[in-house]
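User: I am new to this protein and would like to understand its inner spaces. Could you walk me through them?

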Amino acid sequence: MRTIQGWTALVTGATSGIGEACALSLSQHGARVILVGRREERLQALAARLDAPSHCLILDVRSREEVERSLATLPPEFAEVDVLVNNAGLGLGLEPAHEGVLEDWEAMIDTNCKGLVYMTRALLPGMVKRNRGHVVNLGSVAATYPYPGGNVYGATKAFVHQFSQNVKADLAGTRVRVTDIQPGMVESEFSLVRFKGDAQRAGKVYEGMEALQPADIADVVTWCVTRPAHVNINVVEVMPADQGFGPFNVKRR
Ligand code: NDP
Ligand code: 8X3
């Protein structure tokens, strides 16, 4: 195991769920953590719970200008980012494609794809220059396995997978690593966001089964990051024991 004591990690979407758990785990392992999200109060509350020093950046990853401007304000002790966890993301709605809400589709593409690209492009040059770094992207099982209503969400996560693999191809020969983590069902605020605040509908998603918890994914992220420098974990797919694969959707008449 490689120590990350004294490293600097940046986690997007640290106000909730998987991002919050990653920030806690990386901090417990000794990394300074930059917490990124839109809800300032939550970021400040998390910062107060961390074991190692932290810095909050209140920003919307959909804004290239905000991303670039905020990263330029990082204090010197946080400016050299070793680990970027591109976690900020969302699914919106489960309508079939022919009834899909274009604003929701745009929000998913802007956050899950464009936001992740902005963060990566801004921080990668420093990693390559220092010949040290790790980009961990939160993909999803939805990148590989289609499900009804998953349409644009699944497509954004397929983008995350292909982008991760292609960036890895560009970085061959450097000590900058890229990992795509693909979780199945994780009990977080994900479904609350997907169903636009309908807590009853969101709660039903995890009813009667044992979903993954954000800490389970943070554990995997921390494991990937703490592998020896010559080891790159390309993709990790993780599901709850209670989740499986659906049959093909055959329409019979
Ligand atoms: P949560 O809804 O609990 O957390 C999402 C986080 O993303 C929040 O911290 C939110 O912060 C942040 N975020 C969303 N939009 C933006 C934005 N425009 N700018 C900055 N931050 C943003 O969901 P999860 O923790 O479950 O999701 C984290 C990632 O894991 C996502 O990429 C999701 O697609 C992926 N994932 C989740 C699974 C699940 O079943 N839960 C399974 C597979 C993958 P704020 O609103 O404060 O800005
Ligand atoms: C989120 C999990 O199964 O709803 O990526 O796509 S799922």
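Analyst: Happy to, and do keep in mind that this is a predicted model. The second largest cavity is lined by Thr12, Val61, Asn86, Asn87, Ala88, Thr111, Gly115 and Leu116.

User: What makes these residues, such as Thr12 and Leu116, part of the lining?

Analyst: Lining residues have an atom within 4 Å of a cavity point. Thr12 and Leu116 are among the residues that line the second largest cavity, so each has an atom within that cut-off.

User: Why is that space called a cavity?

Analyst: Because a 1.4 Å probe fits there but cannot get out. Its volume is about 30 Å³.

User: Which element gives the largest share of that lining?

Analyst: H4 does, with 3 residues. By kind, the lining of the second largest cavity has 3 nonpolar residues, 5 polar and no charged.

User: What makes Gly115 polar here?

Analyst: Gly counts among the polar residues in this scheme, so Gly115, which lines the second largest cavity, falls in the polar group.

User: How many cavities of 30 Å³ or more are there, and what is the volume of the largest?

Analyst: There are 2 of them, and the largest has a volume of about 50 Å³. Two helices, H4 (102-130) and H5 (151-171), each give two or more residues to the lining of this largest cavity. H5 gives the most, with 3 residues.

User: How do you know that the lining of the largest cavity holds charged residues?

Analyst: Glu95 and Arg194 are among its lining residues, and Glu and Arg count as charged. The full division is 6 nonpolar, 4 polar and 2 charged.

Notes. Residues are numbered from 1 along each chain as its sequence is written. Chains are lettered from A and ligands numbered from 1 in the order in which they are written. This is a predicted model: local features need pLDDT of at least 70, side-chain atom pairs count only at pLDDT 80 or more; totals for chains, interfaces and linings use all residues. Side-chain values use heavy atoms; hydrogens and water are left out. On a 1 Å grid over the protein atoms alone, a cavity is a set of points where a 1.4 Å probe fits but cannot get out, and a pocket is an open set with protein on both sides within 12 Å along at least five of seven lines; lining residues have an atom within 4 Å of a point. Grid points are joined across faces, edges and corners, and a volume is the space filled by probe spheres set on the points. Helices (H or I, at least four residues) and strands (E, at least two) are DSSP runs, numbered from the N terminus.
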